Amino acid sequence: MAKVKTSFFCQNCGAQYAKWQGQCTSCKQWNTIVEEVIQKPVKNDWELSSSNTRRISKPLKISEIDTALETRLDVQDIEFNRVLGGGMVQGAVTLLGGEPGIGKSTLLLQMALELQHKTLYVSGEESQKQIKMRAERIHPQSNNCYILTETKTQNIFKQIERLEPDVVIIDSIQTLHSDYIESSAGSISQIKACTSELIKFAKETATPVLLIGHITKDGHIAGPKILEHMVDTVLQFEGDRNHVFRILRAHKNRFGSTNELGIYEMQGSGLRAISNPSEILISEKDGELSGNAIAATLEGLRPLMIEVQALVSTAVYGTPQRSATGFNVKRLNMLLAVLEKRAGFRLGAKDVFLNITGGITVDDPAIDLAVVASILSSNEDTALPNDVCFAAEVGLSGEIRPVQRVDQRILEAEKLGFSTIFVSKYNKFTPKDRSIKIQLISKIEDLVNFLV
């Protein structure tokens, strides 16, 4: 037998060392280096029958490569297709991460049940009966989804060879282990080895593979950072478990944009895709309330109308509080300083609380004007009209700066029935006969004169 080789890996960042040491020189963490047994594979990582011929790659001119026949696989989910860039690419490996219980397994199982292609769902965490109980609640009947409970990659590839699925889903990558690596499942070396085998299988057979990955307490996908570099797409499933809405974002996408956003609503029968998120992000209310303003923002190519809520009150304690949910606190402090310096509002001795409704986080500077409007509305205790919205950035000099793709924002506001939208007078937009009034302002004093 060949001599067994060992190496030392950092369980936090995946750095490899020849001998043990107390501190990882890469991530500066203490007592994270663990010895793992390494055994190089004697044969290929994954096996196919001898009847399957391997394609030998040869160099081609980039002008000779034909992509006309490359079609994306429709996953029967509008939101998932949008985030991926139009569907799954053949041979692409996608990694999906998220908090425990957020709905990762539900999302991919629901997709596997609705696909019109032969799909193999491999679970290393649940039994076949448990998955069947959940599948009956989500989608009672499906003839294209096959369930396999297995954690050994060699056995998984034998079943793949026999079944020949069009899509493979792994739940989760941390539960798999390979015979070629003798460390325990979930270790650094096992995650890297199993992912390498799956990537090689996906590329050589043009089969899309979706992986579910656990995350650490810091919110990062567990395992080495190289895991995210190896795959083609990294998706993050976000949301508060106390809220019904979930958000799907792409942190990395080799075949599409990383700015797209998918929104779902968690129901008893599974996840429902929200095709018009503006209606759910704007709360219903009987009358006009002070401190509420509507902002026209963008997530990728999708325009959204979100509600900004502010509460300004006299500070009870010595130091005023500045708190924001879904918005950058430093930017909130900057906008408060602009209001005090340029508009003369004395907010230094008042508490200011800001909230973006729906549990989402927004970093679009175009909501600055809505934030300012909501703060002024709460401070003066004067309600804004329900049919008014805002789309502009506020500069340090109090000027109202233009934002990108203002035409889409105006169109979305007009579609949802808003009568007036405040934008910068320096914005260039297409002149059209619109039912919505476009109010042009150049400085923050113009907004104050409208509100006060």
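Is Ala206 buried, partly exposed or exposed? With a relative accessible area of 36%, Ala206 counts as partly exposed, where buried means under 20%, exposed over 50% and partly exposed in between, taken with a 1.4 Å probe on protein chains only.

Before I go on, a word on the model, which is predicted, so that local features need pLDDT of at least 70 and side-chain atom pairs count only at pLDDT 80 or more, while totals for chains, interfaces and linings use all residues. Residues are numbered from 1 along each chain as its sequence is written, and side-chain values use heavy atoms, with hydrogens and water left out.

Let me stay with the backbone for a moment. Ala206 sits in the loop between α5 and β8 (209-213), and its phi is near 55 degrees, a positive value in a residue other than glycine; helices here are DSSP runs of H or I with at least four residues, strands are runs of E with at least two, and both are numbered from the N terminus. Arg405, also not a glycine, has a positive phi of about 50 degrees, and this residue lies in the loop between β19 (400-401) and α10 (406-415), where it is partly exposed at 31% relative accessible area. The peptide bond from Asp171 to Ser172 is cis, with omega near 0 degrees, and Ser172 belongs to the loop between β7 (167-171) and α5.

Turning to the interior, the largest nonpolar core has 46 residues, of which Ile306, Phe327, Leu332, Leu369, Val371, Ile375 and Phe390 touch the most other members; such a core is a set of buried Ala, Val, Leu, Ile, Met, Phe, Trp, Tyr and Cys residues joined through side-chain atoms within 4.5 Å. Helix α9 (368-380) is among the elements that each supply at least two residues, and α9 gives the most to this core, with seven. If we leave aside neighbours within four places in sequence, Leu369 is in contact, meaning heavy atoms within 4.5 Å, with Phe390, Ala392, Val394, Ile400, Phe422, Ile441 and Leu447. Apart from this core lies another, of 30 residues, including Leu96, Leu113, Ile138 and Leu271.

How many aromatic pairs does the structure hold? There are four, where rings of Phe, Tyr and Trp (its six-membered ring) pair if their centres lie within 6.5 Å, and planes under 30 degrees apart count as stacked, over 60 as edge-to-face and the rest as tilted. The rings of Phe157 and Phe201 have centres 5.7 Å apart and planes at 55 degrees, so this pair is tilted. Because Phe157 lies in helix α4 (residues 153-163) and Phe201 in helix α5 (residues 188-205), the pair ties together parts that are 44 residues apart in sequence. Phe157 is buried at 3%, and Phe201 is buried at 2% relative accessibility. For Phe237 and Tyr264 the centres are 6.0 Å apart and the planes at 75 degrees, so that pair is edge-to-face; it links strand β9 (residues 233-238) with strand β11, across 27 residues. Phe390, Phe422 and Phe450 form one aromatic cluster.

Finally, the cavity, meaning a set of points on a 1 Å grid over the protein atoms alone where a 1.4 Å probe fits but cannot get out, with lining residues having an atom within 4 Å of a point. The count comes to one cavity of 30 Å³ or more, and the largest has a volume of about 70 Å³, a volume being the space filled by probe spheres set on the points, which are joined across faces, edges and corners. Its lining includes Arg72, Leu84, Pro208 and Phe255.

Notes
On a 1 Å grid over the protein atoms alone, a cavity is a set of points where a 1.4 Å probe fits but cannot get out, and a pocket is an open set with protein on both sides within 12 Å along at least five of seven lines; lining residues have an atom within 4 Å of a point.
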